[in-house]
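Hi,

Here is the structure I promised to pass on. Have a look at it first, and then read my notes below.

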Amino acid sequence: MNKVLSETMAPADEKRVVMQLAALAQSSRLRIFRELIKVFDVGSGTRGLAAGELASRMQMPAPTLSFHLKELTRAGLVSSQRQGRSVIYRVSGENIRALIDFMLKDCCTQCC
């Protein structure tokens with residue numbers, strides 16, 4: 001690893017980023033994440049999709065969707081909240097911003 005990068009990258013940051021990028025490196029999870037981004041409200045961060053609606057949009061069986069949402073949640077890219085009988089999933093704007101900031105600050109210092 002580049003000496004300059006290793007000095008600025010905390011091990012915890014590196015582990016978090018690797019987990020997040022690994023979660024997105026699977027095509028179904030990337031499609032789910034992109035679908036949730038489409039409905040994300042940047043101002044409030046409150047918009048999301050119910051699991052059933054998301055399964056319908058993705059044309060994916062509920063157990064398969066649940067598996068992928070669990071991985072995205074574990075990586076901190078997606079969060080869930082129960083609303084009545086539904087579970088609403090939304091992207092974690094704060095964690096996505098942190099990932100992008102990390103990539104731009106520590107990975108692109110030579111080119112940007």
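How many salt bridges does the count come to? Six, by the rule I used: a side-chain nitrogen of Lys or Arg within 4 Å of a carboxyl oxygen of Asp or Glu.

Before the details, a word on what you're looking at. This is a predicted model, so local features need pLDDT of at least 70 and side-chain atom pairs count only at pLDDT 80 or more, while totals for chains, interfaces and linings use all residues. Residues are numbered from 1 along each chain as its sequence is written, and side-chain values use heavy atoms, with hydrogens and water left out.

**The overall layout**

The protein has six helices and three strands (DSSP runs numbered from the N terminus: H or I of at least four residues for helices, E of at least two for strands). Along the sequence they come as α-α-α-β-α-α-β-β-α. Of its 112 residues, 34% are buried, where buried means under 20% relative accessible area, exposed means over 50%, and partly exposed is in between (1.4 Å probe, protein chains only). About 7,100 Å² of the protein is exposed, and carbon and sulfur atoms supply 54% of that (Shrake-Rupley method, 1.4 Å probe). Taking contacts (heavy atoms within 4.5 Å) with a separation of 6 or more, 58% are between residues 24 or more positions apart.

**The sheet**

The three strands make an open, antiparallel sheet in the order S1-S3-S2. S1 (49-50) and S2 (78-83) stand at the edges with a single partner strand each, so one side of each has no neighbour in the sheet. Strands count as paired if DSSP finds at least two bridges between them, and two bridges join S1 to S3. In one of the pairings, leucine 49 has tyrosine 89 in S3 as its bridge partner. Helix H3 lies across S1, S2 and S3, and runs at about 90 degrees to S3 (axes are lines fitted to C-alpha atoms, for helices over the stretch in contact, with angles from 0 to 180 degrees between N-to-C directions).

**Back to the salt bridges**

Side chains of opposite charge can pair when their charged atoms come close. Three of the pairs are worth finding on screen:

- In H3 (residues 27-38), glutamate 35 and lysine 38 are three residues apart, about one helical turn, and their side chains meet at 3.3 Å, N to O. Glutamate 35 is buried at 12%, whereas lysine 38 is exposed at 62%.
- In H4 (residues 51-58), arginine 57 and glutamate 53 are four residues apart, again about one helical turn, with their closest N and O atoms 2.8 Å apart. Both are partly exposed, arginine 57 at 39% and glutamate 53 at 37%.
- In H5 (residues 62-74), arginine 74 pairs with glutamate 71 at 3.0 Å, N to O. Arginine 74 is exposed at 52%, but glutamate 71 is buried at 16%.

Shared partners also join Glu35, Lys38, Glu53 and Arg57 into one salt-bridge network.

**One loop residue**

Where does serine 92 lie? In the loop between strand S3 (86-91) and helix H6 (93-107). Serine 92 is buried, with a relative accessible area of 16%. Leaving aside neighbours within four places in sequence, serine 92 is in contact with Gly76, Leu77 and Val78. The C-alpha atoms of serine 92 and phenylalanine 40 are 9.2 Å apart, with their positions 52 residues apart along the chain.

Cheers
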